[in-house]
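I opened the notebook to log what I looked up in this structure. The entries follow in the order I made them.

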Amino acid sequence: RNRRCWSGKPSFCCARRLEGACEEMEASETLSTQSVSVTTPVSGVSALRQLHEGNAALPRALFVLFGFSSWSVLNALWLQLPNLYTSVPEGFQLATYMLAALSLTNLPPLLMSFLSSEQQSRLPYQQIIVGLIFSSSLLSFLLAAFWDSRVRIGGQEHSVALLLLVALSGVANNSTGVVFWPWTGKQAKEFTKWLGIGEGMSGLLPGALAVIQGAGSRRLLFSASAFFSCIGVFNAASLLAFVGLWRMETQGLLRENVEKGDDEIALASTEEEASTSRDSERLQTDSIPLLGVAVQESATARKGGPSLDALVALLREPSTWLCASQTWFALWAFGILQSVNSYATASYPRAATVLLWCTVLSYVMDPVGRAVVGLPGLRMERPQDIVLPIVVFTCSASVILAAAAMSPNAPLKDVPGGAALVILCNAVCAGLFGFVNTGVYLIGRHIFPEGTLERFNWNASAAVQLGSIIGAGFSLLFVVYLQLFDSE
């Protein structure tokens, strides 16, 4: 304390003065850093990252808008059926002709599922998606211009342009499933649900537009051409939404851990590695995937080809049942029900309005079914979780098929409000289809390791296309060829 420094003052005074100088320097540096950070211009990427981190709803909204383009054109066509029936030469058989035109369009995406995992991983998903959404927008505007064109063939008029555009729309929309879901599977798990909701919106928004239009009534607020033009505009917005998601992906903003702290990231990474290790061991000892995700390797199979044990193992695989459920739902939703609904509703008063509400409520319930996946009591984590929805769906679909087969004496035909039975069954089927379709992909994320998840997503999407083809075959055989249904 009695020491003196060079200034002649006690040393502890110099120490205090030095300490104060250091504090002043630190404050000055902090202020300088803040001023630099304020004045430094923020790049577009940084702004995008700040916007994403500050608003988690942004990528979710973009996924919903992106998912809208999946089935938008085909849904728009089915919604306009009440208006088209009275304007095209095919009449009530138009739905069956449309299914015939769509049947072969399921083959390209189905064949894509047989590509090897290496070939699938090399696909330029982003460019393909951009091309599909752009095609959907373009086809919507072409439908607006040429849906009512007629060509005389063999002395009879046919809607050749309409059916050709239906087929092209089928190629564009049916192919979305085998690229939208695998691409989304590479992003954070939560976005799987939001893509599913977007797919549901591809029916809900056109359905709301059809109600405003007054589809099926004698007085339309606007024409079918204006309706298809609006769908084209919506698809253009979907294209912009995906471009935004693509940019987010390149900057790593769609990864699983984008919103987690360091501790949460480390914990999630440890749990994921442990889960993946367990799943990989199970898959290696029990099976390899169906269609490349699920056949057991045994000593007998290696020596002389597949054995009965391998077949049994295949049937016990979760992926087998999940893909089978996709096929079962699709053959009803995209095949049988679409072709017989016009006959199931034909017996009731104001049949066109009943058909419209069957379609509209179906499109309302689809996104609702997708949105409730994951809520308490409705989690989809095991294949067993889809058993009850399958049973209820099958019973409801059977009622619609029975009403079509009994036409023109459909059940409750002479009871006031009797048509509500068919409308309700359509709504239940649509809601359960959306619930299970999205749930299957979520179950896949729970039970398959990342190495086989992309392949499973491909197979689950291909299973939907297979179901659509089987359903279209049913329609051609029983509705067109055997003519088992009557609307008179």
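**Entry 1: an aromatic pair**

I started with W183, which counts as buried because its relative accessibility is 1%, under the 20% cut-off. The model is predicted, so I kept that in mind for every entry. I then counted ring pairs and got 20 aromatic pairs. One of them joins W183 and F242. Their centres are 5.1 Å apart, the planes meet at 65°, and the pair is edge-to-face. I checked where the two rings sit. W183 is in helix α11 (residues 177–185) and F242 is in helix α13 (residues 224–250). The two are 59 residues apart, so the pair links distant parts of the chain. F242 also counts as buried, at 0% relative accessibility.

I looked up a second pair, F334 with F433. This one is edge-to-face too, at 5.2 Å centre to centre and 75° between the planes. F334 belongs to helix α17 (residues 318–344) and F433 to helix α20 (residues 420–447). They are 99 residues apart, and this pair also links distant parts of the chain. Both F334 and F433 are buried.

Which rings join W183 in a cluster through ring pairs? I found F63, F66, F180, F191, F242 and W246.

**Entry 2: the chain as a whole**

I stepped back to the totals. The protein chain has 488 residues, and 48% of them count as buried. I listed 21 helices and four strands. For contacts between residues at least 6 apart in sequence, 81% join residues at least 24 apart. The chain exposes about 23,300 Å², and carbon and sulfur atoms supply 63% of that area.

**Entry 3: the core and helix α6**

The largest nonpolar core has 108 residues. I asked which members touch the most other members. They are F66, L94, L162, W183 and F228. W183 from the first entry is therefore a buried residue and turns up again in this list.

I followed L94 next. Leaving out residues up to four places away in sequence, L94 touches L81, L84, Y85, V88, L162 and L163. L94 is also one of the buried residues of α6.

How many of the ten residues of helix α6 (residues 94–103) are buried? Eight are, so the helix is largely enclosed by the rest of the structure. I wrote down the buried ones: L94, A95, T96, M98, L99, A101, L102 and S103. They pack against α4, α5, α7 (107–112), α10 (160–174), α17 and α21 (450–481).

**Entry 4: N83**

I picked N83 in helix α5 (residues 81–84). Buried or exposed? N83 counts as buried, because its relative accessibility is 8%. Its contacts, not counting residues up to four places away in sequence, are Q213, A215, G216 and L220.

**Entry 5: cavities**

I searched for enclosed space. The structure holds three cavities of 30 Å³ or more. The largest has a volume of about 450 Å³. I counted 28 residues in its lining. Those closest to its centre are A333, Q338, S362, Y363 and A430.

I then sorted the lining by helix. α4 (72–79), α5, α12 (190–213), α17, α18 (351–371) and α20 each supply at least two residues. Which helix gives the largest share? It is α18, with seven residues.

**Entry 6: backbone checks**

I ended on backbone angles. The peptide bond from S407 to P408 is cis, with omega near 15°. P408 is in the loop between α19 (387–406) and α20.

L412 lies in the loop between α19 and α20 as well. Its phi is near 60°, a positive value in a residue other than glycine. L412 is partly exposed, with a relative accessible area of 43%.

R350 also has positive phi, near 55°, and is not glycine. I placed R350 in the loop between α17 and α18. Its relative accessible area is 66%, so R350 is exposed.

Note on methods: Residues are numbered from 1 along each chain as its sequence is written. This is a predicted model: local features need pLDDT of at least 70, side-chain atom pairs count only at pLDDT 80 or more; totals for chains, interfaces and linings use all residues. Side-chain values use heavy atoms; hydrogens and water are left out. Buried means under 20% relative accessible area, exposed over 50%, partly exposed in between (1.4 Å probe, protein chains only). Contact means heavy atoms within 4.5 Å. Accessible areas come from the Shrake-Rupley method with a 1.4 Å probe; for residues, only the protein chains shown count as cover. A nonpolar core is a set of buried Ala, Val, Leu, Ile, Met, Phe, Trp, Tyr and Cys residues joined through side-chain atoms within 4.5 Å. Rings of Phe, Tyr and Trp (its six-membered ring) pair if their centres lie within 6.5 Å; planes under 30 degrees apart count as stacked, over 60 as edge-to-face and the rest as tilted. On a 1 Å grid over the protein atoms alone, a cavity is a set of points where a 1.4 Å probe fits but cannot get out, and a pocket is an open set with protein on both sides within 12 Å along at least five of seven lines; lining residues have an atom within 4 Å of a point. Grid points are joined across faces, edges and corners, and a volume is the space filled by probe spheres set on the points.
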